[in-house]
Amino acid sequence: MTNDKPKLLIIEDDKGLQSQLRWHFDQYDVSVASHREEAIAAVRLNEPAVILQDLGLPPDEEGVEEGFHCIREISSLHPDAKIIVMTGNADYENAVRAVAMGAYDFYQKPVNAETLDLILQRAFHIYQLEERHRREEDARQAPLQDVIAGDPAMLKVCRMIEKLAPSNVTCTLTGESGTGKEVLTKALHKLSPRHKKRLVAINCAAVPENLMEAELFGYEKGAFTGAAKRTQGKVEMAHEGTLFLDEIGDMPLVLQAKLLRFLQERVIERVGGREEIPIDVRVVCATNKNLLEMTKDGSFREDLYYRICEMEIHIPPLRERHGDKLLLARHFLNMYNAQNGTHISGFSPDAVDTIDSYSWPGNIREMENRIKRALVMCDGKLITTDDLGMHNNENTFLNLRQVRYQAEKTAIVRALGMTESNISATAKLLGVTRPTLYDLMKKYNINAN
């Protein structure tokens, strides 16, 4: 039987007070800890929404440094938790310092049960509101099915896909390997009137040249050695659906002419056959090559280029998608946590820096593989740079104006990502006021959503 009560952790070394608090807060799922090591273990195990912590913890019961160490570790491990610090009656300065360090609120002893009830109720309420906000943000960050994006250039691509979906325009997606061309093609198909029919894909770089024509257009029985029966090709299989020609730039010139005829006439002939077969299909192409340059050197037909590029959509590489690196990293972390039954809660500060500064030459495919690896290698609750098998590789700029521009913009985007677009928390993290942050966001054209 699952326990649906909100989770509360009490960090208190006084066994009598610990017992009283546990009894008083029986409406919550309460766990207790007497010192910092126990508290960290309890946070890793239970991930409590609210933590009630005495600032004076052993072995430094008369001081507060051990309590501050505890706050810092918990804030790093579980930044969403609401920490309420209990202090002595004349310890106001340390209480304020604890809040500045990351605690949600403070309460001065002796304990007044009714006041403490109200503080905890408010903390749980705020936690639930923020949790709902995070879920809504996740939904907004998926503008198309299976597409995670917040970068303006990528959101523009998603809007183009949405506009193209209802039409029959032949379009070509260009971009580096691993940028998500196939994912966007699937999204386009699902949004189109053809979504109930098949999406048939063929990788033009993976099929041997002598088999490509048969693979595309099918063949009749006896057309060549081994052709034991009539077989449909990919084009015919995609009838009334969508045909996805991946790596179109690798298609042989001879077959380019036959593909052009099909696109113009919308009929095919199977290999070894004479019958013209009409086909109704939406064609989407993709390539990581510069087709226009290939038309100049004669390796790609110019007439085919203009036929398949009725609409050309360029997908930016991950290194140019500001803010999307951490969004995607968290998406893959959540996805593989669910698949593998693991409970890794996030990324360590050094891992965040590395993910954000790395150029990702393999783009989204490389990131997905890194996160999968990290979940296997991770021993704690936070993925580290070592778990990712990476090291920080920041680029060095020499132009001081460019350094400042890039540093400020990157810092704001990263801070928004870390705080999940919470303006107050972002301003606090950056050490500026809310009005200053709004001015900077306007200056660099940064949207919090």
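How exposed or buried is Glu176, in terms of relative accessible area? Glu176 is partly exposed, at a relative accessible area of 27%. The structure described here is a predicted model.

## A salt bridge between two loops

Glu176 takes part in a salt bridge with Arg319, in which the closest N and O atoms are 2.5 Å apart. Because Glu176 belongs to the loop between β6 (171–174) and α7 (181–191), while Arg319 belongs to the loop between β12 (311–314) and α13 (324–340), the pair ties together parts that are 143 residues apart in sequence. Arg319 counts as partly exposed, with 36% relative accessibility.

## The open sheet

The strands β6 and β12 also appear in an open sheet of 5 strands. The order of this sheet is β7-β8-β11-β6-β12, and the pairing is parallel. At the edges stand β7 (199–203) and β12, each of which pairs on one side only. From one strand to the next, the twist averages 20°.

Within the sheet, β6 pairs with strand β11 (residues 282–287) in the parallel sense, over 4 bridges. Thr174 has Thr287 in β11 as its bridge partner.

## Salt bridges within helices

Other salt bridges join residues of a single helix. One of them links the side chains of Glu162 and Arg159, at 2.8 Å from N to O. Both residues lie in helix α6 (residues 152–164), and because they are 3 residues apart, about one helical turn separates them. Glu162 is partly exposed at 34% relative accessibility, and Arg159 is likewise partly exposed, with a relative accessible area of 34%.

A further pair is found in helix α15 (residues 363–377), where Glu366 and Arg370 are 4 residues apart, about one turn of the helix. Their side chains meet in a salt bridge of 3.9 Å, N to O; the cut-off for such a contact is 4 Å. Glu366 is buried, with a relative accessible area of 14%, whereas Arg370 counts as partly exposed at 21% relative accessibility. The two residues fall into separate classes because buried means under 20% relative accessible area.

## The wider set of salt bridges

Salt bridges also occur as a linked group: Glu220, Arg230, Glu236 and Arg270 are connected in a network. For the model, the count comes to 26 salt bridges. Among them are the loop-to-loop pair of Arg319 and Glu176 and the pair of Glu162 and Arg159 in helix α6.

Note on methods
Residues numbered from 1 in each chain as written. Predicted model: local features only at pLDDT ≥ 70, side-chain atom pairs only at ≥ 80, totals over all residues. Heavy atoms only, no water. Buried < 20%, exposed > 50% of the residue type's maximum accessible area, 1.4 Å probe, protein only. Pairing = 2+ DSSP bridges. Axes fitted to C-alpha atoms, helices over the stretch in contact; angles between N-to-C directions.
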